[in-house]
Amino acid sequence: MKYALVQVSVPHRNVDRAFHYIIPPELKDKLTTGMRVYVPFGNGNRRTEGYILGFSDKSEVDEAKLKSILDIHEDYRILSDKRIALGAWMSKKYYSTFNECLYCIAPKAANQKMFSCVSLNRDNPQLHELIAATKKRSSKQSQVLDLFINDAEIPLSHIKSILDIDNAPINALVKKGILKMTQYRSYRGNYNKSVPAAKPKPDLTEEQEQVIRLIQKENRPVLLHGVTGSGKTEVYLRLIEDVIKTGKQAIVLVPEISLTPQTVERFVSRFGERVSLTHSKMTDGERYDQWTRAAKGEIDIMIGPRSAVFTPFENIGIIIIDEEHESSYKADHSPRYDAREVAMKLAEMYGAKLVLGSATPSIVSYYKTITGEYALGEMKQRVNKSMPKIEICDLRKELASKNYSIFSRALHSAIQDNLQRGKQTILFLNRRGFSTFVSCRKCGYVMTCDHCSVNYTYHRHTNSLVCHYCGKSIPLPARCPQCGSPYIKYFGTGTEKIEQEVMRLFPTARVLRMDMDTTKGKNSHTNILEAFRNHRADILIGTQMIAKGLDFPNVTLVGVIAADLSLNMNDYHSGEITYNLITQVAGRAGRADDPGRVIIQTYNPDHYSIVCAKNNDYFTYFKEEITFRRIMKYPPFSNVFYILMTSDNEELTVKAANTMAAILNKYNSRGRFERLGPAPAVISKISNKYRYRIIIKCEDEERLKAYVLYCVNIFSAIKELKKVSISIALNPNYSI
């Protein structure tokens, strides 16, 4: 073949296609489809990354105008034919460019990390004679040679460190033919702990055995609905064990980075060094190396959040999605892929099993078991047969009795009792920061970011106000900016404030806090959780990252500080989110021999999501929620498309929104699509950009997608509105 068809990695729709490149003679026998190469691109012939999608003997462009491939990045295929097909499917499914999809599927290119080892050159017939001459003449070279016993191979860095020398004497011995130097690849990001001792396999419960048999015989995806503590992870381990025995591979998705270390430890203790992990806290080089290990077949199991679904296994036997209800499985940037849908496509392509597990299945997933798209496996009992005792505390009654503390009397007493018994406590809040807002008691003015039209959050350690949308930070004012009153103060509750109150009320308690502010470091998640697991703290305060998946045998008390905060979201997911969070965090209590207790503090004690969470009654909750969705035409009964318009000119943004609405009306003459808006977005201003949205509903996803994309393309051609940015999202995780 004379030409290679190269998909050039340039993020622009106008060049989202394969270009013909001449194959230079020196690369003729080295190139294959799916290989990553470098090519000259554009008027300046900038060295650009690309992927070979195919080959051709002919080109529609005159060969004199064609350019040649410059070089190969890796000497093996980056993308298999199936991965290229997956990219094409994603591009159509998620209305994104093929290049954007390839960015997900293939890792960011990184240089290989190499290290040198030195050994005696046994292939040299004069080796011994050369050693004897050399030892008489050079003391430094003689010191180096004294390190080599038998056929030892020693890292270059070790030799230099032990003898406190530079490269010169070693290089001299290599030049003489006495030593030889070998380059090895060093993998970054390995699970670098010692492999924990394998524990005896626990006996399976009857429910676990039934679920395993169901999954093994089913060809459909299986939704595993198991209460917290029912042993879902052991089911995953047994299923993967069977898959590995047949020479196949497994992908395990977890929703939070915080869950990864604990999950990996359990898998490594069972399967050893054939397990690896990937997550966003790793460097590009570390992620690239683990991707390479998977591509070369050096590992069998990959564990990680959403992006781990793209692990380049070519013999996939099973994909497991733990905590399948989590919103983090949906990407919030283009391509806005759903890892659950991608996993289903991969399972179909590779003939693999797909298991989705949760104690609180998403409404959409559970509805699929009713329609028959998914099979349903259930585990209704904990392995230890003991569910935690859950009680609701009505904060309205606490206020009426003049208790203005963050903690109800019941929770305060329970924390004190737990400390005295040497047990651990988790306090959960779905907020971060020291408080919710700062306002003036005299005039009612609320401190609001002038860039984003959202309330500032007070952070005590810096005595400052921070906008969590644009990052702007200002000092806490001494007087109200509006009326000059000194009565301006922070209100509400945040994780920092809870931490301060705990230390004030329980001064002997050892306290850890886990939220976005305390987990910015690379190993911060692991360090906090290990400290708590090893009982170096009595109380763990945290946001939703501590609500699921974690297993601490000594935790017997969970306090949900403000259970109904999420009910006040301007979002149709609010009931689902509230039920899930309460149920999941409640599941952290009483997982070992000691009984667990959960106290839910709320101002809405009669809301169905809170009552059902208390009663561990998923089925009643599902009936309530599915009825609401059916009446309001929300998923799974329809699809919801959000169109968001933003610019730094409010008048222009409003004009654009109205123009978009007019276009949508024009092409909706048959009334197939329901439109809401235009209206200000949930956050109407971020980073000095005004934001307006339109919502479109339709039962048929493909018809809705075609309609919206067609109208958006018409809108994008209007020159006077070019300064208005437009973004779209289908069934997003939250209201825009």
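# A tour from T228 outward

Start by selecting T228, which is buried, with a relative accessible area of 7%. Bear in mind throughout that the model is predicted. T228 sits in the loop that connects β9 (222-226) with α8 (232-245). Show its surroundings next: leaving aside residues up to four places away in sequence, T228 touches A359, R382, T583, Q584, G587, R588 and R591.

**The sheet**

From the loop, step back to β9 and colour the sheet that contains it. Which order do the strands follow? The order is β11-β12-β10-β13-β14-β9-β15, in an open sheet of seven strands with parallel pairing. The edges are β11 (275-277) and β15 (375-379), each of which pairs on one side only. Viewed along the sheet, neighbouring strands are turned against each other by 20 degrees on average, direction ignored.

Now isolate one pair of strands. Select residues 249-253 for β10 and 316-322 for β13; these two strands pair in the parallel sense over five bridges. To find one register point, pick I251, whose bridge partner in β13 is I319.

Keep these strands on screen and add residues 339-350. This is helix α11, which lies across β10, β13 and β14 (353-358). Relative to β13, helix α11 runs at about 165 degrees.

**Three salt bridges and a network**

Side chains of opposite charge can pair when their charged atoms come close. The structure holds 28 salt bridges; a few of them are worth selecting one by one.

Go to D394 and R396, whose side chains meet in a salt bridge at 3.0 Å, N to O. Are the two partners buried or exposed? D394 is buried, with a relative accessible area of 14%, whereas R396 is partly exposed at 43%.

Next, select R409 and E398. Their side chains also form a salt bridge, at 3.3 Å from N to O. This pair links distant parts of the chain, 11 residues apart: R409 belongs to helix α14 (residues 409-420) and E398 to helix α13 (residues 395-400). E398 counts as buried, at 7% relative accessibility.

Then move to R513 and D515. In this salt bridge the closest N and O atoms are 2.8 Å apart. R513 counts as buried at 14% relative accessibility, and D515 is buried with a relative accessible area of 0%. For a network, select R36, E49 and E74, which are joined into one by salt bridges that share partners.

**A helix pair**

The last stop needs two selections: residues 650-666 for helix α20 and residues 701-716 for helix α21. Two packed helices are described by the angle between their axes and the distance between the axes. Here the angle is about 130 degrees and the axes are 10 Å apart. That angle makes α20 oblique to α21. The crossing of α20 past α21 is right-handed.

Which residues meet where α20 packs on α21? Show side chains for both groups:

- On the α20 side, the residues are A656, T659, M660, I663, L664 and N665.
- On the α21 side, they are Y707, C711, V712, I714 and F715.

Technical notes. Residues numbered from 1 in each chain as written. Predicted model: local features only at pLDDT ≥ 70, side-chain atom pairs only at ≥ 80, totals over all residues. Heavy atoms only, no water. Pairing = 2+ DSSP bridges. Helix = DSSP H or I, 4+ residues; strand = E, 2+ residues; numbered from the N terminus. Axes fitted to C-alpha atoms, helices over the stretch in contact; angles between N-to-C directions. Contact = heavy atoms within 4.5 Å. Salt bridge = Lys/Arg side-chain N within 4 Å of Asp/Glu carboxyl O. Buried < 20%, exposed > 50% of the residue type's maximum accessible area, 1.4 Å probe, protein only. Parallel < 35°, antiparallel > 145°, perpendicular 65-115°, else oblique. Left-handed = near helix turned anticlockwise from the far one by under 90°.
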